[in-house]
Amino acid sequence: MSEAQPAAKPPPSADPTIKRPLVRVEKLVKYFPAGGGLLSRSVVHAVDGVDLVIGEGETLGLVGESGCGKSTLGRVIVRLQPATSGSVFFRDVDMTKLRGEKLRRMRQEIQMIFQDPYASLNPRMTVGDIVSEPLRNFRVARGRKAEQKVQEVMRVVGLNPNFVNRYPHEFSGGQRQRIGIARALVLNPTFIVADEPVSALDVSIQAQIVNLMEDLQEKFKLTFLFIAHDLSVVRHISDRVAVMYLGKIVEIGPSDAIRDRPLHPYTKVLESSVPVPDPDLELERKPILLKGEIPSPVNPPSACRFHTRCPIAQPICSEVEPPLEMKETGRFAACHFAGQL
Amino acid sequence: MAPLLRVQDLRVQFFTSGGVVNAVDGVSFDIEKGEIVGIVGESGSGKTMTALSLLRLIPEPGKITNGRILYGDKDVAQMTDEEIREFRGNEVAMIFQDPMTSLNPVLKVGFQIEEAMAAHRRFTRQQAKDRVVPLLSRVRIPAAKDRVRDFPHQFSGGMRQRAMIAMGVSNEPSLLIADEPTTALDVTVQASIIELIRDLSREMRASVILITHNMALIASLCQRVIVMYAGRIVEEGPTRAIFKNPQHPYTWSLLRSIPRMDERSHDKLISIRGLPPDLGQLPPGCKFHPRCRFRIDRCLTEEPPLAEVDPGQLARCWVLMKNIKDPESIAQK
């Protein structure tokens with residue numbers, strides 16, 4: 001462990017272990033009005049100062065519990081929603097500043113896969129129309145050329161290309177997720193944000209989709225941001241994992257390291273809560289139970305947001321916010337007592 | 001000792017315009033006193049319909065058309081409406097996946113628990129009233145005294161599920177059926193609900209049936225497992241045997257298709273090809289054969305019986321995993 005000066009510590013967006021950064025997120029903030037009428041000033045701190053980097057060709061997993069802001073973060077990164085402040089650099093261009101044609105061109109490279117394959121496909125469009133829509137929208141291909149491209153991606157994701165004229169309701173959940181993946185692939189993107197892509201699927205189908213995503217990544221050199229609440233799925237598919245709690249990233253690191261030796265107490269709690277399909281190991285596993293409920297993101301706790309529930313919180317934790325800083329090479333944690341739980 | 005519950009050759013059929021669908025087909029099992037049994041399966045496996053039929057809660061147009069559900073010397077399938085009302089809540093309680101839809105949003109939580117007790121006449125109204133706060137404390141709702149007057153929307157998801165459990169155990173049933181009780185909850189909350197169910201079962205010496213799609217939860221809580229597929233039991237046995245030594249290809253594949261927290265290598269998951277079964281169009285022979293990597297010709301035409309493969313372990317398969325050399329490499333193909 002280095003005894004370097006605090007000033008020398010790189011932020012997570014400048015992780016020295018990431019040689020070729022593709023996406024860099026800096027001080028990203030997304031607030032929503034919290035309702036309560038016109039004059040109410042209260043806001044939901046959905047994403048509150050996130051710093052991270054995603055290297056070319058890697059899968060970064062983003063894990064956290066419901067309401068932690070992980071989906072919002074994904075949507076702001078692909079610019080489905082505008083950021084309140086902060087930057088998202090894609091190949092060193094700040095996407096939050098782009099408008100018009102330049103933004104459109106960049107968007108071709110960035111695609112999203114959604115959780116619910118039932119809600120995210122227009123039931124009145126045929127599969128062929130759904131998958132080819134991005135080609136038309138971005139005026140990439142039309143007619144025969146578009147048809148060929150659609151058939152090609154359908155084959156790639158394991159769908160029978162003869163089904164182009166069928167409608168989404170004729171497909172199972174797993175096949176619909178393949179349609180969603182085909183649509184995301186049709187523009188030859190470099191970066192895909194997948195928001196809970198397997199959590200609505202049957203267990204036996206989840207592995208099919210996880211394996212497909214791994215194959216596609218290898219084949220097309222894709223970069224993934226894989227968002228999920230299930231730590232075991234995230235860990236399996238990701239090179240590195242970022243853990244989010246109440247709008248902030250509390251830990252980032254290689255997925256094995258995070259499992260073997262979590263630095264942030266919240267990571268440790270999460271890790272201890274996930275059951276393992278092995279009755280012998282389950283006898284030994286002792287979940288660390290959290291006290292209380294997750295605080296409201298309208299009024300998050302002061303300083304370290306986890307201090308109200310943290311098993312090892314000290315007075316300093318409610319007074320001074322610990323920065324997300326590099327504790328070891330490639331490992332970042334936002335905790336005054338990292339690694340002590 | 002006689003088992004608490006004995007299900008024999010249960011069949012549940014749905015009479016739809018498209019024809020008759022067998023949601024549960026020839027299911028038999030026992031639940032011993034104080035035992036925690038898991039029923040695992042994916043959509044269409046019949047696990048929820050099996051659980052609902054134990055309380056005769058099968059929705060229209062479904063019916064129990066065959067079999068017996070013996071509770072003591074009474075057959076649930078033959079009970080009068082009066083008897084079944086007594087049976088539900090007094091003897092058996094059920095916890096559902098989504099606690100918000102099971103609680104009445106316009107009534108206070110405490111009152112709803114009180115109602116559940118009063119309805120079954122085991123306690124007087126006053127006794128019921130007095131028991132609410134201790135019950136909420138027992139399911140570890142903090143500041144129970146203040147929370148009894150809250151409405152369901154003022155509770156978090158985990159607390160609502162606790163309130164449902166409080167309602168379920170309020171009449172001290174001897175069997176608790178929990179249908180995906182933690183599926184809608186976060187993993188840290190799931191951990192505490194599972195601990196709660198385990199503790200309550202021990203304290204009340206109640207049996208528990210846990211219905212889930214999550215193999216890891218079974219490993220965590222259950223002593224015995226029933227694996228269902230296409231309305232049938234395909235494998236059954238002590239948890240340890242099923243996890244260490246599964247004999248049905250479906251169980252074996254399912255266990256290898258889930259990413260595990262403790263995995264060392266990032267090997268490819270073994271995926272089960274094809275789709276979960278369509279109960280309206282089941283194949284002949286073994287119902288799993290279209291998805292099975294280990295099938296033989298006989299599987300296509302003849303359905304195997306559920307037969308003992310080891311003491312206490314039953315599997316419905318002509319092949320059995322112990323007869324296959326290097327199954328991993330076959331399954332990865």
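The following paragraphs describe the domains, selected secondary-structure elements and chain contacts of a predicted model.

Chain B is divided into two domains, with domain 1 spanning residues 5-222 and domain 2 spanning residues 255-332. The C-alpha centres of domain 1 and domain 2 of chain B are separated by 30 Å. Contact between these domains of chain B involves 9 residues of domain 1 and 6 residues of domain 2. On the domain 1 side, strand S2 of chain B gives the most, with 4 residues. By residue class, the side of domain 1 of chain B that touches domain 2 of chain B comprises 3 nonpolar, 5 polar and 1 charged.

Strand S2(B) also belongs to an open sheet of 4 strands in chain B, in which the order is S2-S1-S4-S5 and the pairing is antiparallel. Strand S2 (19-31) and strand S5 (74-75) of chain B occupy the edges and have a single partner strand each, so one side of each lacks a neighbour in the sheet. The pairing of S5(B) with strand S4 (residues 62-71) of chain B is antiparallel and extends over 2 bridges. Here, Tyr71(B) is placed opposite Lys74(B), a residue of S5(B). Helix H1 (residues 47-54) of chain B lies across three strands of chain B, namely S1 (5-16), S2 and S4. The angle between H1(B) and S2(B) is about 70 degrees.

Helix H4 of chain B covers residues 109-119, and its buried residues are Val109(B), Gly110(B), Ile113(B), Glu114(B), Ala116(B) and Met117(B). When H4(B) is viewed down its axis, these buried residues fall within an arc of 155 degrees and therefore line one face of the helix. The cover over the buried residues of H4(B) includes four helices of chain B: H2 (81-90), H5 (125-138), H6 (144-147) and H7 (157-169). Ala119(B) is likewise found in helix H4 of chain B. Ala119(B) is classed as partly exposed because 14 other C-beta atoms lie within 10 Å, whereas a buried residue requires 20 or more. Between Ala119(B) and Ile233(B), the separation is 114 residues in sequence and 35 Å in space, C-alpha to C-alpha. Just after H4(B), the backbone at Arg121(B) adopts a positive phi of about 55 degrees.

In chain A, helix H3 (residues 127-137) has Val127(A), Ile130(A), Val131(A), Ser132(A) and Pro134(A) as its buried residues. These buried residues of H3(A) pack against two helices of chain A, H4 (143-156) and H5 (173-185). Following H3(A), Arg139(A) has a positive phi, near 50 degrees.

Between the chains, 34 residues of chain A make contact with 35 residues of chain B. On the chain A side, the elements giving two or more residues are helix H6 (203-220), helix H7 (231-237), helix H9 (265-273) and helix H10 (279-284) of chain A. Of these, H6(A) gives the most, with 6 residues. The residues on the side of chain A that touches chain B divide into 16 nonpolar, 10 polar and 8 charged.

Notes: Residues are numbered from 1 along each chain as its sequence is written. Chains are lettered from A and ligands numbered from 1 in the order in which they are written. This is a predicted model: local features need pLDDT of at least 70, side-chain atom pairs count only at pLDDT 80 or more; totals for chains, interfaces and linings use all residues. A residue is buried if 20 or more other C-beta atoms lie within 10 Å of its own, exposed if 12 or fewer, and partly exposed in between; C-beta atoms are placed from the backbone. The arc is that of the directions from the helix axis to the C-beta atoms. Two residues are in contact if their C-beta atoms, placed from the backbone, lie within 7 Å. Two strands pair if DSSP finds at least two bridges between them. Axes are lines fitted to C-alpha atoms, for helices over the stretch in contact, and angles run from 0 to 180 degrees between N-to-C directions. Domain bounds come from an automatic or database domain assignment. Ala, Val, Leu, Ile, Met, Phe, Trp, Tyr, Cys and Pro count as nonpolar, Asp, Glu, Lys and Arg as charged, and the others, Gly among them, as polar.
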